[in-house]
Amino acid sequence: MSLRERLLARPRPFDTYSLRIDDDTEPRKALEAARTTLRILQFQGEAADESAVRAAKAALASAEASLAACYEPVVLRAMRPDDFEALIGKHKPREGTEDRTWNLDTFPEACFRECVESDLTPAEWDQVWAEVLSAGERGELCTAAIRVNVRVPDTTLPKGWTQTQA
């Protein structure tokens, strides 16, 4: 595929935020116990009972599924760059505040609402925002929406990873 084809076909980036819906305390404990059991059996190597290893793997898969069921993925898709810049323009920094790039009181939520992909209506998001989400969750969702739009490079990639030998 040519550079032209790749650039023109490039989808807008997205991020998925895992929003905790149910208490995950017991599923986390069950997952850790299942992992520990499987590790112990794996350390036994050839001496491990084959049926016990299969049962431990099944228990691990079940524990992972139980933990995953405690969360709901919230997809945040980046806006077109021009739309992102226009949104910033609608939420200009205020003089005499800590605002630098945008209005810290209004822009983060507006960015989130423009980026979230879900079947909830704006009125339902109003209710979730006011009655369901904690301040920390709201902050994390806004930060994730801003991050996906700013398109910050992945910091987990090692320095110089794109360099090739000449």
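## Helix H5 and its surroundings, with three buried residues

Ala 56 lies in helix H3 (residues 50-68); helices (H or I, at least four residues) and strands (E, at least two) are DSSP runs, numbered from the N terminus. This is a predicted model, in which local features need pLDDT of at least 70, side-chain atom pairs count only at pLDDT 80 or more, and totals for chains, interfaces and linings use all residues. Residues are numbered from 1 along each chain as its sequence is written, and side-chain values use heavy atoms, with hydrogens and water left out. Here is a short tour, beginning with Ala 56.

**Ala 56 in H3**

- Ala 56 has a relative accessible area of 5%, so Ala 56 is buried (under 20% relative accessible area; exposed is over 50% and partly exposed in between, with a 1.4 Å probe and protein chains only).
- Ala 56 touches Thr 37, Leu 38 and Leu 41, not counting residues up to four places away in sequence; contact means heavy atoms within 4.5 Å.
- One of these partners, Leu 38, is 18 residues from Ala 56 along the chain, and their C-alpha atoms are separated by 5.4 Å.

**Aromatic rings**

- Across the whole structure, a search finds five aromatic pairs; rings of Phe, Tyr and Trp (its six-membered ring) pair if their centres lie within 6.5 Å, with planes under 30 degrees apart counted as stacked, over 60 as edge-to-face and the rest as tilted.
- Phe 84 and Phe 107 have ring centres 5.8 Å apart and planes at 65 degrees, so the pair is edge-to-face.
- That pair links distant parts of the chain, with Phe 84 in helix H4 (residues 81-90) and Phe 107 in helix H5 (residues 107-115), 23 residues apart.
- Both Phe 84 and Phe 107 are buried, and ring pairs join them with Trp 102 into a cluster.
- The charged end of Arg 113 sits over the ring of Trp 129, 5.7 Å from its centre (the rule asks for NZ of Lys or CZ of Arg within 6 Å of the ring centre and within 35 degrees of the ring normal).

**H5 and its neighbours**

- The buried residues of H5 are Phe 107, Pro 108, Ala 110, Cys 111, Phe 112 and Cys 115.
- These buried residues pack against strand S2 (71-77), H4, strand S3 (116-117), helix H6 (122-132) and H7.
- The axes of H5 and helix H7 (residues 135-150) come within 8 Å and cross at roughly 70 degrees; axes are lines fitted to C-alpha atoms, for helices over the stretch in contact, and angles run from 0 to 180 degrees between N-to-C directions.
- H5 and H7 are therefore roughly perpendicular to each other (65 to 115 degrees; under 35 is roughly parallel, over 145 roughly antiparallel and the rest oblique).
- On the H5 side, the contact is made by Phe 107, Pro 108, Glu 109, Cys 111, Phe 112 and Cys 115, and on the H7 side by Leu 141, Cys 142, Ala 145, Ile 146 and Asn 149.

**Two buried loop residues**

- Leu 133 is found in the loop between H6 and H7 and counts as buried at 6% relative accessibility.
- Leaving aside neighbours within four places in sequence, Leu 133 is in contact with Leu 19, Val 128, Arg 138 and Leu 141.
- Met 79, in the loop between S2 and H4, is buried with a relative accessible area of 7%.
- Leaving aside neighbours within four places in sequence, the contacts of Met 79 include Phe 84, Cys 111, Cys 115 and Asn 149.
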